[in-house]
Amino acid sequence: MNKRILLLEDEKDILELIQEILEEEGYNVIAFNHYESVEEIIEFAPQLILLDIRLSNGYGHLLCGDLKANPKTSHIPVILVSGAGNLEKIARDYNADNFLAKPFDMEDLIGMVKQYV
């Protein structure tokens, strides 16, 4: 089973921490602190995308909407991870599969990831 996760998180410390913990759990994590195009995501072929709403060069929720509208990526689960106060509404409006509000417990993250991968 391919356990490939794409992590898009603008805060370097959080990005590195999540990547390290998920790799310790046996996942293959590709991590970026910036917006990636839908075409690049298709090339990565992730089984799950963990997506911050604010990225250094774009907005994750808009990317989520693009991914869910594209037949080549609509099947990939997307979890929005953010400290935004209206995260549940944003996740619903942009068709995210789930959301996790910052700050969060790493066990909650691991449990949610296991639901999808």
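User: How many of the 10 residues of helix α3 are buried, and how do I read that word?

Analyst: A residue is called buried under 20% relative accessible area, exposed over 50% and partly exposed in between, with a 1.4 Å probe and protein chains only. Helices (H or I, at least four residues) and strands (E, at least two) are DSSP runs, numbered from the N terminus. In this structure α3 is mostly covered, since seven of its 10 residues are buried, and these are G60, H61, L63, C64, G65, L67 and K68. Please keep in mind that the model is predicted, with local features needing pLDDT of at least 70 and side-chain atom pairs counting only at pLDDT 80 or more, whereas totals for chains, interfaces and linings use all residues. Residues are numbered from 1 along each chain as its sequence is written, and side-chain values use heavy atoms, with hydrogens and water left out.

User: K68 is a lysine in that list of buried residues; which residues does K68 touch?

Analyst: A contact is counted when heavy atoms lie within 4.5 Å. K68 belongs to helix α3 and counts as buried because its relative accessibility is 16%. Setting aside neighbours within four places in sequence, K68 is in contact with S74, I76, P77, V78, Y94, N95 and D97. One of these partners, V78, is 10 residues from K68 in sequence, and the two C-alpha atoms are 8.6 Å apart.

User: Which residues touch the most other members of the largest nonpolar core?

Analyst: A nonpolar core is a set of buried Ala, Val, Leu, Ile, Met, Phe, Trp, Tyr and Cys residues joined through side-chain atoms within 4.5 Å. The largest one here has 21 residues, and L6, I49, L51, L63, L67, V78 and L80 touch the most other members. At least two residues of this core come from each of β1 (4-8), α2 (38-44), β3 (48-52), α3 (60-69), β6 (78-82) and α4 (87-93). A second core, separate from that one, has 20 residues, including L15, I21, L48 and M106. To follow one member of the largest core, take I49, whose contacts beyond four places in sequence are L6, I41, L67, I76, P77, V78 and I79.

User: What do the strand residues L8 and S82 touch?

Analyst: L8 lies in strand β1 and is buried because its relative accessibility is 1%. Apart from neighbours within four places in sequence, L8 is in contact with F32, H34, E36, L50, L51, D52, L55 and L63. S82, in strand β6, is buried because its relative accessible area is 1%. Not counting residues up to four places away, S82 touches D52, I53, R54, L87, L100, A101 and K102.

User: How do I read the crossing of helices α1 and α5, and at what angle do their axes cross?

Analyst: Axes are lines fitted to C-alpha atoms, for helices over the stretch in contact, and angles run from 0 to 180 degrees between N-to-C directions. The axes of α1 (residues 12-24) and α5 (residues 106-116) come within 11 Å and cross at roughly 60°. The crossing angle is why α1 is described as oblique to α5, given that angles under 35 degrees are roughly parallel, over 145 roughly antiparallel, 65 to 115 roughly perpendicular and the rest oblique.

User: Which residues make that contact?

Analyst: On α1 they are L17, I18, I21 and L22, and on α5 they are M106, L109, I110 and V113. These residues divide into eight nonpolar, no polar and no charged. I21 in helix α1 is buried because its relative accessibility is 16%, and its contacts beyond four places in sequence are M106 and I110. I21 and V113 are 92 residues apart along the chain, while their C-alpha atoms are separated by 12 Å.

User: Which backbone features should I look for in the loops?

Analyst: Most residues other than glycine have a negative phi, and most peptide bonds are trans. Here A45 has a positive phi of about 50°; A45 sits in the loop between α2 and β3 and is partly exposed because its relative accessible area is 42%. N95, in the loop between α4 and β7, has a positive phi of about 65°. K102 and P103 are joined by a cis peptide bond with omega about -10°, and P103 lies in the loop between β7 (98-101) and α5.

Definitions and conventions. Nonpolar A, V, L, I, M, F, W, Y, C, P; charged D, E, K, R; others polar.
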